[in-house]
Amino acid sequence: MSGTVVVAGASMAGLRAAEQLRAAGWHGPVVLVGDEPHMPYNRPPLSKEVLAGKASFASLAFRPRASVSDVRWRLGTRVVGADLDRRTVQLDSGEQLPYAGLVVATGMRPRRLPCPGPVQGRHTVRTLADARRLREALTRPGARVVVVGAGFIGCEVASTALALGADRVTVVDPQPLPMVGPLGALLAEALLDRHRRRGVQFALGTQVTAFQGDDRVSGVVLADGTALAADVVVESVGSLANTEWLEGNGLDLTNGVLTDEHLRAGGRPDVVAVGDVARFPNARYDGVARRVEHWSIPTDTAKHAARVLTAHLTGTGVPLGPFAPLPTFWSDQHDFRLQSFGAPVLGMDDVRVLDGDPAGDPEGDLLVGYHRGEHLVGVVALGGRRAVAAAARYRAELLEQPALAVPLEEHK
Amino acid sequence: MKVVVDMNKCQDHGQCVFAAPDVFHFDSEGRLAHLPEAAEASREEVEEAVDVCPLQAIRIED
């Protein structure tokens with residue numbers, strides 16, 4: 001079959017999809033459409049090295065494989081619509097691109113707080129442009145910083161802001177502990193303690209109700225009426241899927257693009273979704289479709305989806321079993337790292353310390369296991385290099401566990 | 001196939017160890033170590049290791 005594969009979205013997931021299409025044997029035309037002006041780049045350093053001024057764009061940009069030297073890049077261009085029956089996508093220029101295969105890789109954008117008050121001085125961290133703006137704000141001497149949202153990005157930004165010399169950094173979150181959703185209370189308490197010992201302040205179990213200031217933010221008001229002075233506000237309160245352009249095609253776009261076990265959307269063999277916009281069942285676990293915003297997912301999804309799409313386009317059958325990645329994530333904060341393998345959220349009811357002593361040395365390494373029944377479903381290490389290597393030793397065990405039979409409620 | 005790791009970038013995430021265990025491993029201190037020359041048969045695994053390195057610290061030189 002001939003025709004073009006259009007990849008909507010030109011960040012890591014889009015690039016990996018293009019590379020994996022070539023690896024899977026698709027030699028036809030490939031067009032990548034991306035709204036940012038940049039070639040694909042690595043996002044984890046945005047909340048850390050880029051904010052700290054230690055990374056240039058050249059060091060962030062991915063080096064595309066030679067196999068994609070002939071793909072066409074349409075950067076600074078947004079996809080605004082699609083007609084999946086007629087197999088076309090519409091660009092913001094008004095142009096219609098016909099396709100034989102479509103890869104949905106449009107990712108997420110930060111959710112914003114709906115609170116009243118000025119907009120100036122409020123930041124998010126998703127793109128290189130975001131990080132550069134925030135860095136400029138954080139490097140003004142004596143900045144008072146309020147981070148809204150005690151998730152991974154929020155806690156990373158808080159630690160970087162402190163390292164940059166911010167006068168005061170306060171993290172606000174409605175949950176009683178930072179990162180408690182993905183990690184559970186045991187590790188979340190250890191993390192709260194480590195952040196506080198390094199000077200980060202927390203306002204937990206509360207939320208922001210308004211921003212103070214005329215033209216720009218000068219403070220945030222919390223639910224109990226307390227006001228925190230702020231020169232810089234960072235909103236890290238989750239993200240929204242960029243799927244509006246797919247509306248009207250009968251797809252399930254609730255929290256991302258729902259796919260089948262081969263990352264195909266809406267029962268269509270010619271449309272696959274990759275990266276954090278894809279809401280897919282993981283055959284390794286319970287069959288419940290979830291979006292996963294881990295760094296490893298764009299590469300994992302691209303590899304599977306590209307093989308499936310190429311098989312369809314070239315008229316062969318699906319060449320592989322259902323998608324079953326082993327989730328993995330990490331987070332660097334201050335001088336310690338969190339490293340996770342598996343799906344801790346599926347084992348929150350039975351959390352055991354595998355190594356270390358949370359009641360002992362407050363700076364000691366910790367290795368925590370998450371269980372469902374007798375099965376280990378996730379491990380998370382907190383600490384230095386040795387803790388991370390210890391967690392890695394459980395990876396084989398996690399890979400060998402049988403699939404969970406009983407579907408679970410979605411945790412996030 | 002020559003495998004080059006920028007050890008100034010490497011932060012011992014170990015994703016390459018899982019992708020290409022014949023070429024990359026952790027030493028007893030949890031530091032990354034690797035073979036500088038890999039067999040051509042390992043190319044696909046090493047390409048995967050390049051992809052999964054969070055620091056983009058690995059490259060293949062033919």
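**Contacts between chains and domains in a predicted two-chain model**

Six salt bridges cross the interface of chain B and chain A in this predicted model. One of them can serve as a landmark for a first look: the side chains of D12(B) and R385(A) meet with N and O 2.8 Å apart. Polar contacts add to the picture, with nine residue pairs counted between chain B and chain A, both partners at pLDDT 80 or more. On the chain B side, at least two residues each come from α1 (15-19), α2 (43-52) and β4 (58-61). Of the elements of chain B, α2(B) gives the most to the side that touches chain A, namely five residues. Sorted by class, this side of chain B holds eight charged, six nonpolar and five polar residues.

The extent of the interface can be described in residues and in area. Contact involves 24 residues of chain A and 19 residues of chain B. Together the two chains bury about 1900 Å², and carbon and sulfur atoms account for 43% of that area. Within chain B, the residues that lose the most area to chain A are F18(B), D51(B) and Q56(B), which together make up 32% of what that side buries.

Attention can now turn to chain A itself. The domain assignment divides chain A into domain 1 (5-109 + 240-314), domain 2 (112-237) and domain 3 (335-402). Domain 1 is thus given as two segments, 5-109 and 240-314, with domain 2 at 112-237. UniProt, in an unreviewed entry, offers annotations for this chain as well. The feature "domain: FAD/NAD(P)-binding" is placed by UniProt at residues 4-292 of chain A. Over residues 4-292 of chain A, strand makes up 28% and helix 19%, and the end C-alpha atoms are 28 Å apart. A further UniProt feature from an unreviewed entry, "domain: Reductase C-terminal", is listed for residues 329-393 of chain A. Residues 329-393 of chain A are 51% strand and 12% helix, with 15 Å between the end C-alpha atoms.

Within chain A, domain 2 and domain 3 meet each other. Their C-alpha centres lie 27 Å apart, and the contact takes 16 residues from domain 2 and 17 residues from domain 3. The area buried between domain 2 and domain 3 of chain A is about 1400 Å², with 65% of it given by carbon and sulfur atoms. On the domain 2 side, L186(A), L187(A) and R194(A) supply 45% of the area buried against domain 3, more than any other three residues.

Charged and polar pairs also span this domain boundary. Three salt bridges are counted between domain 2 and domain 3 of chain A. In the salt bridge between R198(A) and E363(A), the closest N and O atoms are 2.6 Å apart. Six residue pairs are in polar contact across the same interface of domain 2 and domain 3 of chain A, both residues being at pLDDT 80 or more. The elements giving two or more residues to the domain 2 side are α5 (180-183) and α6 (185-197) of chain A. The largest share of that side, eight residues, belongs to α6(A). By class, the domain 2 side that touches domain 3 has nine nonpolar, four charged and three polar residues.

A wider view takes in the whole model, where the count comes to 32 salt bridges over all chains. An example within chain A joins the side chains of R87(A) and D270(A), with 2.6 Å from N to O. This pair links distant parts of the chain, 183 residues apart. R87(A) lies in the loop between β4 (79-83) and β5 (88-91) of chain A, while D270(A) lies in the loop between β18 (257-258) and β19 (271-273) of chain A.

Technical notes. Residues numbered from 1 in each chain as written. Chains lettered and ligands numbered in written order. Predicted model: local features only at pLDDT ≥ 70, side-chain atom pairs only at ≥ 80, totals over all residues. Heavy atoms only, no water. UniProt positions renumbered as here; feature names shortened; annotations may be inferred. Helix = DSSP H or I, 4+ residues; strand = E, 2+ residues; numbered from the N terminus. Domains from an automatic or database assignment. Contact = heavy atoms within 4.5 Å. Buried area = accessible area lost by both parts, 1.4 Å probe. Salt bridge = Lys/Arg side-chain N within 4 Å of Asp/Glu carboxyl O. Polar contact = N/O pair within 3.5 Å; in protein donor to acceptor, adjacent residues only side chain to side chain. Nonpolar A, V, L, I, M, F, W, Y, C, P; charged D, E, K, R; others polar.
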